[in-house]
Amino acid sequence: MNLQDRITEVEERLSQACRRSGRNRDDVKVIAVTKYVSLQTARSVVEAGYNRIGENRWQDVRPKWEVLNEERDDIEWHFIGHLQTNKVKDVLGKFSYIHSLDRLSLAKELHKRAERMEQKVNCLVQLNISGEDSKYGIEPEELFSFVEQIRNYPAIQLSGLMTMAPYESEPEQTRPVFRRLRELRDELNERALLDYPITELSMGMSGDFEVAVEEGATWVRLGSLLVGKEL
Ligand SMILES: *Cc1c(COP(=O)(O)O)cnc(C)c1O
């Protein structure tokens, strides 16, 4: 399949998932994950209208970031991978959102460097809802105390929550994970631990995005299905 065919398929499936769940297509934003493709393909994806780009390693995205950022100023970069504390200095100021805030030591470093740059850094708290050892993220039970401590780092602006569901051959199996993330966001807002509401739910990938949309995803992160896989 070429890019145009993949876009047609993804858009059709997204629209259907929105229709099934009574949501507006405009309320679900696609992050095109370009980690499996070349700079040329990433450029085609942006030219096709997907200007939210997700990547998970600075070493890998760097050449794309440098070239595409030079070429255009309308790309919104999302850092979606595990972020080592010593890499904070590389990504800060280049990515609009960090989806992988999963520990206080990282919050502290993000805050310290953002404050020094007189900037805010938009973050999503990554949760490990399934409890798999292989997954990063804080446990759901820890979320509220984690957020309370984040208030000590005012350069951090919490935009939402992020999770990855376990791989399932039957996507329907992922539903409880996505539903839990939505409930946690709603409860966080009800408790008003922050003086602003958090809105975003970054959940759903190529194999399970329709279920995530049905459960309220505001951002789906699509790599192989939308952008393809060449590297
Ligand atoms: C790679 C990656 C994706 C995209 O994966 P696909 O299954 O190819 O859509 C989404 N989110 C994260 C955090 C990733 O690392």
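The shell around the ligand, taken by class, is made up of 7 nonpolar, 4 polar and 2 charged residues, and this description, like everything that follows, rests on a predicted model. Of the 13 residues that surround the ligand, those that come nearest are Lys35, Ser206, Arg221, Gly223 and Ser224, and the ligand itself sits in the largest pocket.

Three of these residues can be followed down to individual atoms. In arginine 221, a polar side-chain atom lies 2.8 Å from a nitrogen atom of the ligand, whereas in glycine 223 a backbone N or O atom lies 2.8 Å from an oxygen atom of the ligand. Serine 224 takes part through its side chain, where an N or O atom is 2.7 Å from an oxygen atom of the ligand. On its own the ligand has 390 Å² of accessible area, and the protein covers 91% of that area.

Away from the ligand, the reader may turn to the charged side chains, for a search of the whole structure finds 22 salt bridges. Among them is the pair formed by glutamate 55 and lysine 64, whose closest N and O atoms are 2.9 Å apart, and here both glutamate 55 and lysine 64 are buried.

A further salt bridge joins glutamate 132 to lysine 135, with the closest N and O atoms 3.0 Å apart. Are glutamate 132 and lysine 135 buried or partly exposed? Glutamate 132 has a relative accessible area of 27% and is therefore partly exposed, since the range for that word begins where buried, meaning under 20%, ends. Lysine 135, with a relative accessible area of 19%, falls under that cut-off and so counts as buried.

One more of the salt bridges is found where the side chains of glutamate 187 and arginine 191 meet, at 2.9 Å from N to O.

Notes: Residues numbered from 1 in each chain as written. Predicted model: local features only at pLDDT ≥ 70, side-chain atom pairs only at ≥ 80, totals over all residues. Heavy atoms only, no water. Near = heavy atom within 4 Å. Polar contact = N/O pair within 3.5 Å; in protein donor to acceptor, adjacent residues only side chain to side chain. Areas by Shrake-Rupley, 256 points an atom, 1.4 Å probe, with all protein chains shown as cover. 1 Å grid on protein atoms, 1.4 Å probe; cavity = no way out; pocket = protein on both sides within 12 Å on 5 of 7 lines; lining within 4 Å. Sits in = over half its atoms within 2 Å of the grid points. Nonpolar A, V, L, I, M, F, W, Y, C, P; charged D, E, K, R; others polar. Salt bridge = Lys/Arg side-chain N within 4 Å of Asp/Glu carboxyl O. Buried < 20%, exposed > 50% of the residue type's maximum accessible area, 1.4 Å probe, protein only.
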